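Thank you all for making time this morning. I would like to walk you through one structure, starting from a single residue and working outward, so please have the view open in front of you.

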Amino acid sequence: MFVLDTDFRELSDRSLQELLDAQMVALIAAAEPQPGGGYAPPPNDLAARLRTPRSGLYAQIHSTHSRQLWRSPSTVGVPVDFGPALEPGARDIHYTTLGHERIAIESRGIQFEDSEGRSELTFSVAASLTPYEQQLWSSRRQLFGWFIGLMLLLLVTLAGLLRWVLSPLRRMEREIHAVEEGRSEMLGGGYPRELSGVASNLNTLLIGERKRVARYRDTLGNLAHSLKTPLAVMRSAVAASNGGSEAVLNPEIDRMSGIIEHQLKRAAASGGALLGQAPVDVAPIVAELRVALLKVYARKDLSIEVLIAAGSQFVGDRGDLTELLGNLLDNACKWCRGAVRVTGSVDGSFAVRERLGIVVEDDGAGISEEDRERIGRRGVRTDETVPGHGIGLSMVQDTVEMYGGTLTIDGSTLGGARFSLRLPGK
């Protein structure tokens, strides 16, 4: 834009110079000796602008002694100072200000020879710069408008090009989000060559992860089952013997059975939140557990209140959620005096892995501050008189960590303990 403006300004200067030169040549050519002395052009030979007052084009002829010989009619009412007289052959171009108007003046010294002898004269032509400046500013505004329009067009074109170029990335982002939410199992095809390898490798990674988890579950399950049968035989053998070893061996066998049960439950877990898992409705699982626990604890005057928000979903394995809630509700029913409450909802302000909040609380004796950190460890129980292996809460803690969630234990408004879960949800 600066280059174009400079070129146009130089073109305007050349146009003004050509105008002054043309008027100067015409004035010199038309100048004739006058009867009273001096030189002047015939009125009819003058340009129309020189005959029109205040036209913006002015001319003057004066002698070497600065005696004015002739001024064009256009100078009427315009006090133009054309400058001093010049020596023959001299040339001068300068600019001056006339009120609010800038003018350019060109003067040349000329020597004439006639019957009366030699005459040294100075011819001057002046032109107002206002039309040229107006034209320059008009061209600048027009040029600026063109550049603004071109810039906007370029930005729109660039935005469209970027949108077209980045559309495969946006599509991949949408598909990855769908996989994370469980609406899809893997990425689709049809990506450009630069992204096809990424999509293929991600799909391979997803498939490999699922196979790894399945192999992990099968291995733990096989190991636990292979140990469970020998332990049952050992227990039967100890019971059948009449020796005094039963009191020593049975606790150790029970301990080994607890470890095996823990591994069986871990094998039943899916191994954490996997990409591509379909979301699971929470309310039906809680309802099923409520019915089952009311039958198990039928001798208690038990009330289980369920407050699960409609549409609450868990992104993960149904068996894992059942195991989690089953352990928590079983503990709540075991330790409560008669009231258990389950609440759940999804909060979009949390991170994806903590959007689902589930709270299980009871009206029992509660859990002391010292025991809250201990009970999550495998084999630890707050009351050794109650049957169990002490692995239920350990399983809950392991599964919550596998899903990247959190488990918080504190006091309930019902008077007992409150277990707060944050899990992947939608």
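Let me begin with Ala278, which touches Gly182, Phe314 and Gly316 once residues up to four places away in sequence are set aside. Please keep in mind throughout that this is a predicted model. Ala278 sits in the loop between helix H5, residues 246–268, and strand S8, residues 279–281. Its C-alpha atom is separated by 8.3 Å from that of Glu185, although Ala278 and Glu185 are 93 residues apart along the chain. Is Ala278 buried or exposed? The answer is in between, because its relative accessibility is 45%, and Ala278 therefore counts as partly exposed.

Stepping back to the whole protein, we have 9 helices and 14 strands, and of the 426 residues, 36% are buried. If we take the contacts with a separation of 6 or more, 62% of them are between residues 24 or more positions apart.

Now to the interior. As a general matter, nonpolar side chains in soluble globular proteins tend to be buried together. Here, the largest nonpolar core has 35 residues, and within that core Ile358 and Leu421 are the ones with the most contacts. Several elements each supply at least two residues of this core, among them helix H6 (282–296), strand S9 (303–308), helix H9 (392–402) and strand S14 (417–423). Which element gives the largest share of this core? That is H7, with 7 residues. A second core, separate from this one, has 21 residues, including Ala31, Ile61, Leu121 and Ala127.

For a closer view of the largest core, look at Leu421, which, again leaving out residues up to four places away in sequence, touches Leu325, Leu328, Leu356, Gly357, Ile358, Val396, Val400, Thr406 and Leu407.

Next, the strands around S7. Strand S7 runs over residues 117–128 and is mostly covered, with 9 of its 12 residues buried. S7 pairs in the antiparallel sense with strand S6, residues 101–114, over 12 bridges, and Ile103 stands opposite Ser128 of S7. S7 also pairs with strand S3, residues 57–63, in the antiparallel sense over 7 bridges. Which residue of S7 is the bridge partner of Leu57? That partner is Ala127, a residue we have already met as a member of the second core.

In the loop between helix H2, residues 48–51, and S3, we find Arg54, and I would ask you to look at its backbone, since Arg54 has a positive phi of about 55° although it is not a glycine. Arg54 counts as exposed, because its relative accessibility is 59% and the cut-off for that label is over 50%.

Finally, empty space. Rolling a probe the size of a water molecule over the atoms shows where such space is left. How many cavities of 30 Å³ or more does a search of the whole structure find? The search finds 1, and the volume of the largest cavity is about 30 Å³. Its lining consists of Glu181, Val315, Val352, Arg355, Gly425 and Lys426, which by class gives 2 nonpolar, 1 polar and 3 charged residues.

That is where I will stop, and I am happy to go back to any of these places in the view.

Note on methods:
Residues numbered from 1 in each chain as written. Predicted model: local features only at pLDDT ≥ 70, side-chain atom pairs only at ≥ 80, totals over all residues. Heavy atoms only, no water. Buried < 20%, exposed > 50% of the residue type's maximum accessible area, 1.4 Å probe, protein only. Helix = DSSP H or I, 4+ residues; strand = E, 2+ residues; numbered from the N terminus. Pairing = 2+ DSSP bridges. 1 Å grid on protein atoms, 1.4 Å probe; cavity = no way out; pocket = protein on both sides within 12 Å on 5 of 7 lines; lining within 4 Å. Points joined across faces, edges and corners; volume = space filled by probe spheres on them. Nonpolar A, V, L, I, M, F, W, Y, C, P; charged D, E, K, R; others polar. Core = buried A, V, L, I, M, F, W, Y, C linked by side-chain atoms within 4.5 Å. Contact = heavy atoms within 4.5 Å.
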